[in-house]
Amino acid sequence: MPFSKDELGGKTEKDGSESTKNAGFTQSITAMEMQEFVQNQLMEKMKIPTFIAI
């Protein structure tokens with residue numbers, strides 16, 4: 001359900017308490033920076049070939 005249609009405005013659990021999960025993004029980066037970050041993670045940590053990661 002979209003937050004705009006949620007009576008409590010989102011970010012709450014079923015019982016009405018504030019959600020502690022998924023508290024938001026921890027980095028303030030652009031889409032291009034995120035894309036570069038993910039590509040590097042795919043290549044370095046997951047050993048995905050460069051031609052597939054890009």
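A nonpolar patch sits on the surface of this predicted model, and it is made up of Ile29, Met34, Phe37 and Val38. Taken together, these four residues offer about 300 Å² of accessible area. One of them, Phe37, belongs to helix α1. How exposed is Phe37? Its relative accessible area comes to 38%; because buried means under 20% and exposed means over 50%, Phe37 lands in the class called partly exposed.

Stepping back to the whole protein, the secondary structure is quickly listed: 2 helices and 0 strands. The chain has 54 residues, and just 4% of them are buried. The accessible surface adds up to about 5300 Å². Carbon and sulfur atoms account for 56% of that surface.

Back in helix α1, which covers residues 31–44, two more residues are worth a look. Gln39 is one of the residues in this helix. Which residues does Gln39 touch, once those up to four places away in sequence are set aside? The contacts are with Ala53 and Ile54. For the pair Gln39 and Ala53, the sequence separation is 14 residues, yet their C-alpha atoms are only 5.5 Å apart.

Leu42 is also placed in helix α1. With a relative accessibility of 24%, Leu42 is partly exposed, since that value is not under the 20% needed to be called buried. Leaving out residues up to four places away in sequence, Leu42 makes contact with Lys47, Ile48 and Ala53. Ala53, then, turns up among the contacts of Leu42 as well as those of Gln39. Between Leu42 and Ile52, which are 10 residues apart along the sequence, the C-alpha to C-alpha distance is 9.2 Å.

That leaves Lys47, one of the residues touched by Leu42. Where is Lys47 found? It lies in the loop that runs between α1 and α2, the latter being residues 50–53. The backbone of Lys47 has a positive phi of about 60°, even though this residue is not a glycine. Is Lys47 buried or exposed? Its relative accessibility is 65%, and because the exposed class starts over 50%, Lys47 counts as exposed.

Methods: Residues are numbered from 1 along each chain as its sequence is written. This is a predicted model: local features need pLDDT of at least 70, side-chain atom pairs count only at pLDDT 80 or more; totals for chains, interfaces and linings use all residues. Side-chain values use heavy atoms; hydrogens and water are left out. Helices (H or I, at least four residues) and strands (E, at least two) are DSSP runs, numbered from the N terminus. Contact means heavy atoms within 4.5 Å. Patches are made of residues with over 30% relative accessible area and no salt bridge: like charges are joined within 9 Å, nonpolar side chains (Val, Leu, Ile, Met, Phe, Trp, Tyr) within 5 Å. Accessible areas come from the Shrake-Rupley method with a 1.4 Å probe; for residues, only the protein chains shown count as cover. A salt bridge is a side-chain nitrogen of Lys or Arg within 4 Å of a carboxyl oxygen of Asp or Glu. Buried means under 20% relative accessible area, exposed over 50%, partly exposed in between (1.4 Å probe, protein chains only).
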